Every structure is written in C-alpha cells, then in structure tokens.
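Please look through the structure shown below, together with its sequence, before reading the report that follows.

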Amino acid sequence: MPSDDRNQAGTPRTIPAPDVSPPAVPPECAAHPGPGPAPALREQQAAKPAGGYGAVFAVREFRAVFAAHLLSLLGVVVSELALTVLVYDLTGSPLLSALTFALGFLPYLVGGTLFAGVADRYPARRVLVTCDLICAGCVAVMVLPGTPVGGLLALRCLVAAVAPVFTGTRMAALTDILGEGDLYVLGRSLLRLVSQSALLIGFGAGGVLLAALSPRGAITITAGTFLCSALLLRLGTRARPARTGGEGGGALMRDSLAGARVVLADRRIRALMLLFWVPALFVVAPEALAAPYADAIGVGPAALGLLMCAMAVGHIGAELYTGTVLGPRARSRIVLPVAALGLLPLMVYAFRPGMALTVAALVLAGAGAAYVIGLDQWFVDAVPEHLRGRAMTLLTAGLMTVQGIGMALAGLAAEFFPVHQVVAASGAIGTVCTLFLVAEVRRTGVRYRSARQG
C-alpha cells in the first residue's frame, strides 16, 4: 500500500556520506540537469554494486534519523488509536470517533501547501526538532483532563499539519546525509518499510497499551517518543545551513505557494508526482471497504484482520526484494511496467472471490508498490536542489491527501454499488489512469534526456 511516513538542509553535496560513495541514477532516470556527478561518471557509478541496506546503516547520521523515525512513528500510531478511544469514551459518538481518525489525513494538504517553504527556508535539523517538540507539546495538552473534545480534535489537526513539513524536510535532508544516488533510494525504502511495519505492529502495541493503561496514559507515553525523537535528531545529525541560503525572503505562505506553483508547472516533476499519487488514490479501496467485504463473504474478525494487513505484507516483501536483490538499473527498468500493472489484481474482486483468493490479490496489489523505489530516484533527480524541500513536502502532503480522498470515495460508492464491484472498478479505472500517466512519464523522460544531451 503506498503510503508515506510521518511525519536537514545541507552542506554542498561534494561532501560524500561517510565510508560510502553513492552510485548515481542510470540515464533512464536522469531527468533534470543540476548539481552532481557528470553524466559519464553517473553511468559508471550506476553499474557498481550498491552495497545494499547495510551500507545505509553504516552512515551514522542515518542511524539517528532511522531511530527517530521509528520512535515518532510509533508515537503517531499509538496516539491515533488512543485518541480515537478517548474521544469515544468522552462523547459516546461513533461519528466523532471516526472523525478523530480521519483528521490524520485532512490537514496534510493544508500543512504541506501553506508551510512547505519551511523545509527550504530554515536549517533542516532545526525544523525536524521543532516539529517533534510541537507534536510532543500537543500530545501533552491532550493528556490534561480538562481538555475539551473540540480541543482534542484541534490538536489532532495541528499534529497532522506538522507531519508533511517534517517528512518533506527529512526526505530532502536524506540527500545531504546519503547523497543523491542509490544510498538515498535505499534509505527512503527503509523508512517506508518502517511505516508499513508500523501498521502491523503499532496498532497491536497500542491495543496492548490500552489494555494496561487508560487512553490518556497511552497518549502520555507517545509524548515521550516525540521527545526522544527530537533528542536523537538534535544530537545525532549535523547542523547544516538552509537550502535557500538564508531565513528571509518574504512571507512564508507566499513563498510556499510560489514554490508549489513552480514545482507543479514543471511537466516532468508533475508527471512523476502524479505517478506517486494516482495509484495510491485507487489502491486504498479494498482497505477502506475491508469490513463490509468481510461481512459480504461471511468471514469473522480474524479474517478481517488478515484482509487489513495483507497489502502491507505484500508491500514489505516486494520492497525488501527490490532493495536487496535488484540494482539501480533494474529498479529503474521496472518502474513503468510495475506501476502500469500494480492495480490489476484488484479486478479479481469482480468475481466476489473467497478469502484465499482475496488475500492473494491484496498481497499482489501491495507488491505493486515496488515501483516506488525506482521512482524515488527519478524524482530526486528531477527536482532542483533549491526546491527540493518544498517539492518533497508537497509530495508527502498530496500522497496522504489522495489516500484519504480515495477511502472516502470508495465508501461513498459502496453506498450505491456492491462492495466487490467498487473495488474491482477501482482497479480498472486506476489502471487506465496509470497507463496514461506512464505514457506521460515516458514522454517527459525523452524530452529531458534530449535537453540534457543538447
């Protein structure tokens, strides 16, 4: 399941990551002229062995970023679950309880659009630490017994609005920590794997905590995870200057919106961004409708849990295989074919399959996210350095937003059509839309390669 993690601008990239020389992207991926190795050197590097995930963990700064990500992500997952239970306990309203969970998606677009300029305007380490401290402060206020339900929902929105800024800043900072080549791609892959694993582990851990503690007690623990994340980032990463060379430069929101316009006006960047977003819009349908589909085929709660985690299992397995076994060139070659075919397994729902075939289809649909590893490299090559933080913040915000929209649209369609038909239609329509995007990405790739060679 495409997703992004939760939620350090840098020194010149002539300084390599410790103990490694990151291989650059192959020519198929190279989309935008900019700083970095010359094309001939990039091709030579791309043919070298990547070193795998172990080479990424050899970089000390990445280990700090990884540990901080794990802590803050667990904090988000547990706080989401505990806060949903707390609101239900206070109000007895299923609507408000569901709204509490939905608010994790809705503010992403606002935060990612209006505050994206933060990622390039201020030093990355300061932005990351500040975001974690804001989240810790919000969670601490949630714990106070006198906080009203309206206040809880507002704080939930604030945490969600901060998340895309945090994630976009960290994505951009990884290019300074790991370089712009294969180490960056594998680092992003590791963070995604943690995010997918959190869906399997985090909610289970949250359930255990809620069995032993009150909802407010569980939320208190998550404040500690945010503080520990902030400490790791503060002590474990280097201070680097802001990407735009200073902290001035006009109003933040105006700068953020201007950056978004520039990013989306670039045909190549826009096509790549849509290739992240569009499959994610459709692939969430079976998860959003898992409960009614389980009811329709007559299976119990245990089977429902299997339906909910099958796609994440497929995603984790495919990402591990792609990152471990395939080299940079192979990852580049599979991007467009895998993206084009990734939603086809959902069309099995048209036959209203039983449990075994449904789980197999969901695992395959999750495995379709393997194309994202190669797409990460294409995207970082396409975006100019001075826009990288804003572009990656916008990418994160859009990815989370379209998943929320996709869930809502699937639920709405299921009010009028049988669930199995809705999921099958999502697979069919999504495949057609993705095929158009694949053609556009191919066209823009040819244009950019021609422009670079010219």
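## The chain as a whole

What percentage of the 454 residues of the protein chain count as buried? In this predicted model, 57% of the residues of the protein chain count as buried. The secondary structure of the chain comes to 20 helices and 0 strands. The area that the protein chain exposes is about 17400 Å², and 72% of that area is supplied by carbon and sulfur atoms.

## Helix α17 and its two sides

Helix α17 runs over residues 355–367, and because each residue should add 1.5 Å, its 13 residues should span 18 Å, which agrees with the 18 Å that separates its end C-alpha atoms.

The buried residues of this helix are T358, V359, A361, L362, A365 and G366. Since these residues cover an arc of only 160° around the axis, they are on the same side of α17. On the other side of α17, A356 and L364 are exposed.

## Helices α16 and α18

Two packed helices are described by the angle between their axes and by the distance between those axes. For helix α16 (residues 328–341) and helix α18 (residues 371–382), the angle is about 120° and the axes are 8 Å apart.

The crossing in which α16 passes α18 is left-handed. On the side of α16, the contact is made by R331, S332, I334, V335, L336, V338 and A339, while α18 contributes Y371, I373, G374, L375 and W378.

Definitions and conventions
Residues are numbered from 1 along each chain as its sequence is written. This is a predicted model: local features need pLDDT of at least 70, side-chain atom pairs count only at pLDDT 80 or more; totals for chains, interfaces and linings use all residues. Side-chain values use heavy atoms; hydrogens and water are left out. Helices (H or I, at least four residues) and strands (E, at least two) are DSSP runs, numbered from the N terminus. The expected span of a helix is 1.5 Å times one less than its number of residues. Buried means under 20% relative accessible area, exposed over 50%, partly exposed in between (1.4 Å probe, protein chains only). The arc is that of the directions from the helix axis to the C-beta atoms. Accessible areas come from the Shrake-Rupley method with a 1.4 Å probe; for residues, only the protein chains shown count as cover. Axes are lines fitted to C-alpha atoms, for helices over the stretch in contact, and angles run from 0 to 180 degrees between N-to-C directions. A crossing is left-handed if the near helix is turned anticlockwise from the far one by less than a right angle, and right-handed if clockwise. Contact means heavy atoms within 4.5 Å.
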